[in-house]
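Colleague: I am new to reading protein models, and I would like a close look at a single part. Could you walk me through a sheet and the strands around it?

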Amino acid sequence: MASSGLELLWVSAPQLARGAWQTLSISASSIAFATLGGIAYGVLRQLGKRWLDVPLRIYLELFRAIPVLVWLYLLFFGLPIFTGLSLPSFWCAVLVLSLWGASEVGEVVRGGLQSLPRGQREAGLAIGLSAPQLYGQVLLPQALKRITPPTINVYTRIIKTSSLAVLIGVVEVIKVGQQIIERTYESLLIYGFLFLFFFLLCYPLSAASRVLERRWSHA
Amino acid sequence: MTALIELSSFSKRFGDTPVLNAVDLRVERGEVVVILGPSGCGKSTLLRCLNGLETGHAGKLHFAGRELNGKTDWRDVRQRIGMVFQSYHLFPHKTVLENLLLGPLRVQKRSFGEALAQAEALLERVGLLDKRDAYPRQLSGGQQQRIAILRALCMNPEVMLFDEVTAALDPEMVKEVLEVILDLAEGGMTMLIVTHEMAFARAVADRILFMDGGVIAEQNDPETFFSNPQTARAQQFLEKFSYVENMPKRKSP
């Protein structure tokens with residue numbers, strides 16, 4: 001049994017690897033976009049301009065209130081109906097996860113910036129820093145310490161939520177696993193593999209966040 | 001010759017509360033002006049308006065012959081007007097040297113070697129060269145405030161604004177900070193100083209401004225102001241300070 005189990009994993013390796021690659025690329029791209037978008041969101045909210053705050057609040061509440069799965073369906077099945085445009089399922093997943101992730105990261109960034117003493121901003125302005133210099137040199141680096149742990153938490157949630165992409169037809173690692181199970185009934189083995197896969201993806205992130213937190217608390 | 005800083009009928013309010021009420025003020029190059037007054041009289045707001053951290057509602061503000069208003073590029077002006085705050089506000093994630101060099105390198109785009117030489121010379125002058133690689137939290141309050149003064153000086157400003165810079169310090173650290181300011185005054189720096197240190201005000205000022213209720217209630221040379229204040233409000237204000245200084249010993253039972 002054990003040998004046949006290993007054998008099954010061995011012969012399924014290329015297929016699993018393709019699925020794993022899909023999961024990885026969806027997660028990595030979504031994390032990258034969510035980070036950039038989240039920083040932009042946080043900084044824009046921090047400016048305190050009403051004409052910016054209103055649309056950003058609406059965006060935030062839409063992604064808070066509506067499940068990611070509904071967004072996926074809306075974009076994948078709804079967009080072609082309403083606009084005639086259609087996005088490949090992979091990019092639908094990346095877009096929805098990025099927008100959702102950006103709203104989550106964005107609130108973290110906003111909170112981090114808000115928690116800085118007001119004097120930091122004034123001290124930066126008083127030596128003539130421009131707004132980009134003020135954020136890049138003074139405010140964001142200080143906020144980084146406070147926002148890294150909750151941001152990494154969002155990253156792991158993005159990785160785990162990427163499995164929903166299976167429902168709009170992306171053949172990611174869980175879908176591949178199900179296909180193998182349907183063929184071989186080796187559910188314990190395959191789910192064991194999936195457990196390990198997601199654990200190995202997410203655990204190092206949490207560990208890194210702890211290490212960074214410790215290191216920065218001294219510097 | 002035109003004044004370096006000139007305010008005319010300058011007013012500022014927070015919401016419906018007037019903070020500065022038609023203030024007229026001229027500060028000449030090289031002059032040391034100390035601003036006294038009870039809290040809430042508008043003295044800090046006055047300083048903050050001079051470098052654009054607050055903007056006025058009415059009246060005019062001129063700096064070096066140029067009018068400053070809502071359309072001004074304040075980044076340019078702020079390089080010429082240094083400001084030091086009550087709670088130092090050093091950048092905690094940067095070393096002393098990084099704090100000093102941020103403005104010269106990023107804002108003024110000066111060469112690293114030249115900016116470094118200036119920063120080190122200034123550190124030497126205030127006796128903190130050995131702290132160049134320390135982080136702010138490793139320094140005492142007095143040391144941090146001296147670094148904050150140097151951070152402003154590294155921009156080679158024409159004016160320095162001091163906003164109650166010793167108010168957050170332990171008494172034993174006040175001296176080391178005031179000495180740096182006195183030293184600057186002797187070097188001919190134009191300064192506007194908001195303080196509650198009366199003896200220091202008397203020693204450093206060319207002119208005392210006494211503010212009350214958003215207006216300059218009285219201005220005079222320090223000797224006249226402290227020995228013979230002209231307004232009742234200033235007399236009351238000074239009495240409160242001398243009351244603490246001359247407090248009688250409690251009678252023993």
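Modeller: Happy to help; here is a walk through the strands of chain B, followed by some charged pairs in that chain.

This is a predicted model, so to speak of local features we need pLDDT of at least 70, and side-chain atom pairs count only at pLDDT 80 or more, while totals for chains, interfaces and linings use all residues. Residues are numbered from 1 along each chain as its sequence is written, chains are lettered from A and ligands numbered from 1 in the order in which they are written, and side-chain values use heavy atoms, with hydrogens and water left out.

Let us start with the open sheet. In chain B, four strands (DSSP runs of E, at least two residues, numbered from the N terminus) line up in the order β2-β1-β4-β5, with antiparallel pairing; two strands pair if DSSP finds at least two bridges between them. The edges are taken by β2 (17-27) and β5 (66-68) of chain B, each with a single partner strand, so one side of each has no neighbour in the sheet. On average, neighbouring strands here are turned by 30° against each other, direction ignored. Axes are lines fitted to C-alpha atoms, for helices over the stretch in contact, and angles run from 0 to 180 degrees between N-to-C directions.

Strand β1 (residues 5-14) of chain B is joined to β2(B) by seven bridges, and Leu7(B) stands opposite Leu25(B) in β2(B). Helix α1 (residues 43-50) of chain B (a helix is a DSSP run of H or I, at least four residues) lies across β1, β2, β4 (58-63) and β5 of chain B, at about 115° to β1(B). Contact here means heavy atoms within 4.5 Å.

Now look at another strand, β6 (residues 81-84) of chain B. Ile81(B) and Met83(B) on one side, and Gly82(B) and Val84(B) on the other, are all buried (under 20% relative accessible area; exposed is over 50%, partly exposed in between, with a 1.4 Å probe and protein chains only). Side chains in a regular strand alternate between the two faces of the sheet. Four bridges join β6(B) to the parallel strand β7 (residues 159-163) of chain B, where Val159(B) stands opposite Ile81(B).

Finally, the charged pairs. Glu28(B) and Arg26(B) meet in a salt bridge at 3.4 Å, N to O (a side-chain nitrogen of Lys or Arg within 4 Å of a carboxyl oxygen of Asp or Glu). Glu28(B) is partly exposed at 29%, and Arg26(B) is partly exposed at 38%. Arg132(B) and Glu120(B) form another salt bridge, at 2.3 Å.
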